Amino acid sequence: MATMSKTHRSKPTHGSKRLVLLSLLAAAALLLLLFSSSFSTRGSGLVDYFSRSSRTKRQHSLSDKYLYWGDRVDCPGKNCESCAGLGHQESSLRCALEEAMFLNRTFVMPSRMCINPIHNKKGLLNGSDNESWEVSSCAMESLYDVDLISEKIPVILDDSETWHIVLSTGMKLKERGIAHVSGASRRELNDSSHYANLLLINRTASPLAWFVECKDRIDRSNVMLPYSFLPSMAAPRLRNAAEKIKAQLGDYDAIHVRRGDKLKTRKDRFNVGRTQFPHLDRDTRPEFIMSRIQKQPPGRTLYIGSNERTPGFFSPLSARYKVAYSSNFSEILDPIIENNYQLFMVERLVMMCAKTFFKTFREYETDLTLTDDPKKNKNWEIPVYTMDQDKEELKTTH
């Protein structure tokens, strides 16, 4: 296969990424041989495929160009084998989609999403603390509505027939077919005439995580897709479930209480326990939540989404509010939920549509939150469990 290769800086994982694509190309060629009865000798490429494709979904054209980042989110890289949580992977996926949007290319999306076992406890859905979903990945289409995403950014999956045709065509186009790119920014790719007419850009992203390629995301003017984009692109049956739950809740408020994995501590050299979120354990306990949301009138329906696994942990809130959990809607959720990522996506839709929504951490200035601890903190600090501890700290700092 003759391809174009342009590398701005060498990376130890670049060869493995290229091998993955080469194996995909070989598989595509084999598939095309198997499909020979369906394709004519003269029309075995994109022309014939697009002319006979069903038009019930988005129709790809001969002028489409493609962007491929890998067969799994954050691969290759440090999060490839173990994989991060859903929010982390969504940040990476959103970054890749932004680049495809910026380059006016169709994004080749991984067909499966890796599921981190730490975030896959059945928990509040069935009241079990130890039981987990027995899956390590799920189909991307079971989480997201790919056709709905394609209305904003054209997307195909990497197990689709379209993708195999693109790979085969890339081999035939030789130097005009595929470029293997590592280390180039999206602006460099856009400004270079070298890449303008290539059918496929095979991109090797940062080994730290895909989202590192969107380093300027802090500058909100440069953000092409908001945080809410992928949550709103949930698969149809997940959106339908959320609508049913919202209908039963009626007029309601919601809180998202992130505990679990965020409460981890470690000992310093003096054997003193420290945590990255010193006030989180305190601020997400029922008595402190009650204080934080006290402006919400008594009797309001309060939906609680949380990764807290202690049974009855939030029961004290029932003294003031009509508390609801995902477990109250098992007749809606049990038939469709196969993993915790799906459950969270339904809960997220429910919480986002609440009249008043309190997040755990602040992401935007207008957010209502349960704690003032920053979402990202590199320092490990001594936990604070009472208001008196805060007062003492203020005295010592002044």
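This is a short tour of three places in a predicted model: two loop residues and one pair of helices.

**First stop: Glu-81.** Select Glu-81, and you land in the loop that runs between strand E2 (66-68) and helix H3 (86-103). Is Glu-81 buried or exposed? Its relative accessibility is 67%, so Glu-81 counts as exposed, the cut-off for that being over 50%. Now add Asn-116 to the selection: 35 residues separate it from Glu-81 along the chain, and the two C-alpha atoms sit 9.7 Å apart.

**Next: helices H9 and H13.** Show residues 236-249 (H9) together with residues 340-352 (H13). Their axes come within 9 Å and cross at roughly 45 degrees, which means H9 is oblique to H13. Turn the view to look at the crossing, which is right-handed.

Time to switch on side chains. On the H9 side, pick Arg-237, Leu-238, Arg-239, Ala-241, Ala-242, Ile-245, Lys-246 and Leu-249. Across from them, in H13, are Gln-342, Met-345, Val-346, Leu-349 and Val-350. Colour this contact by residue class and you get nine nonpolar residues, one polar and three charged.

**Last stop: Thr-386.** Head for the loop between strand E17 (368-369) and helix H14 (387-397), where you'll find Thr-386. Its relative accessible area is 34%, so Thr-386 is partly exposed. Which residue should you pick alongside Thr-386? Try Arg-282: 104 residues away in sequence, but 6.9 Å away in space, C-alpha to C-alpha.

Technical notes. Residues are numbered from 1 along each chain as its sequence is written. This is a predicted model: local features need pLDDT of at least 70, side-chain atom pairs count only at pLDDT 80 or more; totals for chains, interfaces and linings use all residues. Side-chain values use heavy atoms; hydrogens and water are left out. Helices (H or I, at least four residues) and strands (E, at least two) are DSSP runs, numbered from the N terminus. Buried means under 20% relative accessible area, exposed over 50%, partly exposed in between (1.4 Å probe, protein chains only). Axes are lines fitted to C-alpha atoms, for helices over the stretch in contact, and angles run from 0 to 180 degrees between N-to-C directions. Angles under 35 degrees count as roughly parallel, over 145 as roughly antiparallel, 65 to 115 as roughly perpendicular and the rest as oblique. A crossing is left-handed if the near helix is turned anticlockwise from the far one by less than a right angle, and right-handed if clockwise. Contact means heavy atoms within 4.5 Å. Ala, Val, Leu, Ile, Met, Phe, Trp, Tyr, Cys and Pro count as nonpolar, Asp, Glu, Lys and Arg as charged, and the others, Gly among them, as polar.
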